[in-house]
Amino acid sequence: LWSEVNRCGQNGDFARALKSVNKILQISKDDVTALQCKVVCLIQNGNFKEALGVINTHTKVLTSDVIAFEKAYCEYRLNRIENALKTIQSASQQTDKLKELYGQVLYRLERYDDCLAAYRDLIRNSQDEYEEERKTNLSAVVAAQSTWEKVMPEDLGLREATYELCYNSACALIGQGKLNEAMKKLQKAEAFFPFSLIFLQDVTEEDIEAELAIIHGQMAYIMQLQGRTEDALQLYNQIIKLKPTDVGLLAVIANNIITINKDQNVFDSKKKVKLTNAEGVEHKLSKKQLQAIEFNKALLAMYTNQADQCRKLSASLQSQSPEHLLPVLIQAAQLCREKQHAKAVGLLQDFADQHPANAAEIKLTMAQLKIAQGSVTKACMILRSIEELQHKPGMVSALVTMYSHEEDIDSAIEVFTQAIQWYQQFQASQTRGANPKSPVHLSLIREAANFKLKHGRKKEAISDLEELWKQNPKDVHTLAQLISAYSLVDPEKAKVLSKHLPSSDTMSLKVDVDALENSHGATYVRKKAGKLTGDNQQKEQGQGDVKKKKKKKKGKLPKNYDPKVTPDPERWLPMRERSYYRGRKKGKKKDQVGKGTQGSTTAGSSELDASRTASSPPTSPRPGSAAAVSATSNVIPPRHQKPAGAPATKKKQQQKKKKGAKGGW
């Protein structure tokens with residue numbers, strides 16, 4: 001039986017070897033070697049839970065010294081990482097294979113500093129065929145430090161001879177923000193990949209594409225960071241179509257597609273989010289990756305108006321990471337979508353009180369909400385309560401702008417004063433009593449002076465300008481501003497200061513005007529002056545620079561204009577807006593037309609005959625009209641009449657307007 005076990009083990013047939021081992025254990029149930037061989041066969045067949053059960057059942061025989069590695073490995077493969085660490089640490093003898101497993105466990109626990117030290121010790125103290133794999137793992141640890149802990153990676157001197165080493169180097173460069181260099185490394189890894197398959201048989205093109213998917217996924221991520229979202233989205237979808245077996249890769253790609261979609265294409269995002277819920281994803285990704293996916297799920301719930309789901313997810317995230325900003329910000333955003341702004345501000349205020357370290361970002365959000373509600377003064381009060389940002393130029397600019405909008409000039413000047421005082425105290429503490437001004441400090445003083453001058457605070461602006469001029473006596477611009485301010489307050493002082501201005505000769509620029517005007521691209525070319533005659537010379541001497549007055553064209557009057565008749569004062573108003581307009585009389589023609597049987601004529605059909613009324617004058621009033629006059633009086637033009645009813649000539653006037661006729665009245 002032992003010969004059978006040995007032969008099957010050498011051939012890799014561990015299923016048959018297990019049968020032989022079981023026969024041995026029937027004869028001798030506490031045989032240590034047989035039990036150890038059974039555990040190995042179960043591990044080789046992937047039955048980690050059963051193997052761990054055998055170890056735990058026979059603890060008296062299989063002591064930790066005998067089977068520590070196998071037990072720790074089973075726990076590692078069953079994702080019981082903490083238990084695996086305890087098993088390794090409790091082993092009396094630390095073998096090389098236990099150290100290898102120890103490095104893997106530390107990597108899964110994201111203890112990257114300890115993991116780096118473990119792999120360095122392994123590489124330094126071992127020489128075998130697995131050295132290349134150890135170097136690959138070492139580079140993976142460095143990449144993880146750069147990506148998740150933002151640690152500047154050290155140069156390990158690893159020769160990038162395999163696609164794995166190139167890929168890990170690219171990941172480290174992404175963590176540093178060197179995206180173009182990272183893309184080149186990924187392209188190099190893609191080129192190296194086929195050489196790693198030389199010794200493998202029966203490898204299809206689909207298998208190669210599936211293996212390359214992780215490299216292409218990282219390429220798409222770089223494109224997304226560079227703003228090339230269309231290219232990134234296309235590459236992401238190509239990878240999903242290949243259906244790779246790595247659930248971690250699919251979850252990351254699905255999450256990145258959701259971030260591209262944002263609040264658009266929500267239906268596609270809801271389909272993609274299912275990939276992030278696949279079994280085993282939590283064991284494939286880092287804590288920060290899993291946290292980012294959960295945040296995006298909460299945001300997607302908010303965008304799809306699933307308020308309860310959004311609150312549930314954000315509350316769960318807040319319980320896991322109480323000091324993290326995003327959960328409370330998502331909750332506040334959901335409340336704002338429900339028009340509960342006051343409740344959102346209260347929620348943010350409570351978080352700021354509980355976590356002062358993150359209060360600055362929360363208060364900025366609170367100020368934004370107050371501005372959205374129109375409470376600018378309250379927003380200013382919140383911003384001024386952020387002590388660590390009070391002196392920042394951006395904060396000063398925002399506060400001054402908002403106070404100016406509210407016409408609170410005194411508060412705006414107070415903001416400038418507090419910021420300037422802060423820089424004075426800071427400079428004094430840094431320079432031990434000396435008083436050199438930093439560029440930011442001088443810039444604030446200048447902006448304060450300009451603001452005060454703009455709002456008529458001349459005396460307050462003078463002290464700032466004098467401080468600036470004292471720092472740089474050669475600054476002509478500051479001196480000119482100072483003289484301008486003094487001219488309104490103390491003219492004598494302005495005259496004294498004006499002596500410090502440089503003379504016009506020193507300020508004149510040596511420029512050849514003719515050459516400048518005649519140069520290529522000049523927008524203005526001086527015309528050559530022609531010879532003037534005697535009359536023109538007299539005119540020029542007499543008139544000087546008097547400009548010619550343009551003659552105004554007289555407006556055209558209507559053809560039937562009568563100066564004796566007073567024009568209608570409401571002639572400029574549309575007919576409907578005039579005081580005497582009574583509206584149209586509707587329904588007369590409808591009553592006369594269309595009554596009776598088909599083909600019959602009505603009594604008023606003669607009135608509808610256009611041939612009978614063709615000879616009537618176009619301006620004659622209708623019978624019974626109040627505007628009728630005697631035949632002996634002068635005819636009043638239609639524009640000067642005050643019609644009692646709807647104008648009879650409105651249609652003709654519209655036709656004249658279409659022809660382009662203009663009237664002066």
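A residue counts as buried when its relative accessible area is under 20%, and by that criterion S286, with a relative accessible area of 9%, is buried. The model described here is predicted, and its chain holds 32 helices and 0 strands. Of the 665 residues of the chain, 33% count as buried, while the chain as a whole exposes about 44,200 Å², of which carbon and sulfur atoms supply 51%. Among contacts between residues at least 6 apart in sequence, 50% join residues that are at least 24 apart.

**Buried polar residues**

- S286 is found in the loop between α15 and α16, the latter helix covering residues 287-303, and with a relative accessible area of 9% this serine falls under the 20% limit and is therefore classed as buried.
- When residues up to four places away in sequence are not counted, S286 touches E110 and W148.
- Q218 belongs to helix α12, which covers residues 205-225, and its relative accessibility of 17% also lies under the 20% limit, so Q218 counts as buried.
- Once the neighbours within four places in sequence are left aside, the contacts of Q218 are with Y167, C171, I174 and L186.

**Salt bridges**

- The structure holds 15 salt bridges, and the pairs described below are among them.
- E160 forms a salt bridge with K188, in which the closest N and O atoms are 3.8 Å apart; because E160 lies in the loop between α9 (131-148) and α10 whereas K188 lies in helix α11 (residues 179-192), the pair ties together parts that are 28 residues apart in sequence.
- E160 is partly exposed at 21% relative accessibility, and K188 is likewise partly exposed, with a relative accessible area of 37%.
- The side chains of R311 and D308 meet in a salt bridge with an N to O distance of 3.1 Å, and both residues lie in helix α17 (residues 307-320), where they are 3 residues apart, or about one turn of the helix.
- Within this pair, R311 counts as partly exposed at 34% relative accessibility, whereas D308 counts as exposed at 59%.
- R228 and D231 also meet through their side chains in a salt bridge, at 3.5 Å from N to O; R228 is partly exposed at 38% relative accessibility, and D231 is partly exposed with a relative accessible area of 37%.
- E4, R7 and R16 are linked with one another in a network of salt bridges.

**A negative surface patch**

- E129, E132, E133 and E164 form a negative patch on the surface.
- One of these residues, E164, is found in helix α10, which covers residues 163-176, and this glutamate is partly exposed, with a relative accessible area of 32%.
- Membership of a patch requires a relative accessible area of over 30% and no salt bridge, so the 32% computed for E164 satisfies the accessibility part of that requirement.

**Backbone angles in two loops**

- Most residues other than glycine have a negative phi, and the two lysines described next are set out against that background.
- K262 has a phi near 55°, which is a positive value in a residue other than glycine, and its place is in the loop between α14 (247-261) and α15 (266-272).
- With a relative accessible area of 54%, K262 is exposed, because that value is over the 50% limit.
- K339 is not a glycine either, yet it has a positive phi of about 65°, and K339 lies in the loop between α18 (325-337) and α19 (341-354).
- K339 is exposed as well, since its relative accessible area of 68% is also over 50%.

Methods. Residues numbered from 1 in each chain as written. Predicted model: local features only at pLDDT ≥ 70, side-chain atom pairs only at ≥ 80, totals over all residues. Heavy atoms only, no water. Helix = DSSP H or I, 4+ residues; strand = E, 2+ residues; numbered from the N terminus. Buried < 20%, exposed > 50% of the residue type's maximum accessible area, 1.4 Å probe, protein only. Contact = heavy atoms within 4.5 Å. Areas by Shrake-Rupley, 256 points an atom, 1.4 Å probe, with all protein chains shown as cover. Patch = residues over 30% accessible without salt bridge, like charges linked within 9 Å, V, L, I, M, F, W, Y side chains within 5 Å. Salt bridge = Lys/Arg side-chain N within 4 Å of Asp/Glu carboxyl O. Lys, Arg positive; Asp, Glu negative; His and termini not counted. Charge placed at Lys NZ, Arg CZ, Asp CG, Glu CD.
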